[in-house]
Amino acid sequence: DYPGLVSIFVRADIPFKKARIMGHGDTSEEEALELLARKDRKRKYYHNQFCRGKWGDSRNYDITVNSAKLGIEETANTLEWYIKKCQALL
């Protein structure tokens, strides 16, 4: 219902997410895995409560990207490029 909306799902492999969490302090591997599982459950619950499609179902997004492939910065740059291209078509 929003012409300028670009729906994006950013995912990452578990080893990438775990390493990122562990790189931000004194977090053990076990704690990092528990934290990412808890955060993903909360994201999924929130999304499924307020959105039409199911969380993570690629059919509900304009683009789905694995940030572990390009890294955080290059993923952000790629998504910025994609959004600008979409906006130019409006």
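Leaving aside residues up to four places away in sequence, S67 touches V10, R11, A12, F16, I72 and T75. The model in which these contacts appear is a predicted one, and S67 makes a convenient place to begin a walk through it. S67 belongs to helix α3, which covers residues 67-70. With a relative accessibility of 6%, S67 counts as buried, because the cut-off for that class is under 20%.

One of the partners of S67 is I72, and I72 is placed in helix α4, residues 72-88. The surroundings of I72 can be read in a similar way. Apart from neighbours within four places in sequence, I72 is in contact with F16, R20 and S67. F16 thus appears in the contact list of S67 and also in that of I72. The relative accessibility of I72 is 40%, a value that counts as partly exposed. A longer step along the chain leads from I72 to A12: the two are 60 residues apart in sequence, and their C-alpha atoms are 9.9 Å apart in space. A12 is itself among the residues touched by S67.

Attention now turns to the packing of the helices. In general, two packed helices are described by the angle between their axes and the distance between the axes. For helix α1 (residues 14-22) and helix α2 (residues 29-50), the axes come within 9 Å and cross at roughly 110°. An angle from 65 to 115 degrees counts as roughly perpendicular, and α1 and α2 are therefore roughly perpendicular to each other. The crossing in which α1 passes α2 is right-handed.

The residues behind this crossing can be named on both sides. From α1 come I14, K17, K18, I21 and M22, and they meet E29, A32, L33, L35, L36 and D40 of α2. Sorted by character, the residues of this contact comprise seven nonpolar and four charged, with no polar ones.

K18, a residue of helix α1, gives a closer view of this contact. When neighbours within four places in sequence are set aside, K18 is in contact with E29, A32, L33 and L36. The relative accessible area of K18 is 19%, and K18 is buried on that basis. The value falls under the 20% cut-off, so the buried label applies to this charged residue. K18 can also be related to the starting point of this account: K18 and S67 are 49 residues apart in sequence, with 13 Å between them in space, C-alpha to C-alpha.

A19 is likewise placed in helix α1. Its accessibility puts A19 in another class, since a relative value of 46% counts as partly exposed. From A19 to K84 there are 65 residues along the chain, and the C-alpha atoms of the two are separated by 31 Å.

The aromatic residues supply a further set of relationships. A search of the whole structure finds three aromatic pairs. In one of them, F9 and W55 are arranged edge-to-face, with 5.4 Å from centre to centre and 75° between the planes. F9 lies in strand β1 (residues 8-11), whereas W55 lies in the loop between α2 and β2 (63-66), so the pair ties together parts that are 46 residues apart in sequence. F9 is buried, at a relative accessible area of 12%, while W55, at 25% relative accessibility, counts as partly exposed.

Another pair is made by Y46 and F50. Their ring centres are 4.8 Å apart and their planes stand at 45°, so this pair is tilted. Y46 and F50 are four residues apart in helix α2 and are therefore separated by about one helical turn. Both of these residues are open to the surroundings in the sense of the accessibility classes: Y46 is exposed, with a relative accessible area of 56%, and F50 is exposed as well, with 61%. Beyond individual pairs, F9, W55 and Y61 form one aromatic cluster.

The loop between α2 and β2, where W55 is located, also holds D57. D57 is partly exposed, with a relative accessible area of 22%. Along the chain, D57 and G4 are 53 residues apart, and the separation of their C-alpha atoms is 21 Å.

Methods. Residues are numbered from 1 along each chain as its sequence is written. This is a predicted model: local features need pLDDT of at least 70, side-chain atom pairs count only at pLDDT 80 or more; totals for chains, interfaces and linings use all residues. Side-chain values use heavy atoms; hydrogens and water are left out. Axes are lines fitted to C-alpha atoms, for helices over the stretch in contact, and angles run from 0 to 180 degrees between N-to-C directions. Helices (H or I, at least four residues) and strands (E, at least two) are DSSP runs, numbered from the N terminus. Angles under 35 degrees count as roughly parallel, over 145 as roughly antiparallel, 65 to 115 as roughly perpendicular and the rest as oblique. A crossing is left-handed if the near helix is turned anticlockwise from the far one by less than a right angle, and right-handed if clockwise. Contact means heavy atoms within 4.5 Å. Rings of Phe, Tyr and Trp (its six-membered ring) pair if their centres lie within 6.5 Å; planes under 30 degrees apart count as stacked, over 60 as edge-to-face and the rest as tilted. Buried means under 20% relative accessible area, exposed over 50%, partly exposed in between (1.4 Å probe, protein chains only).
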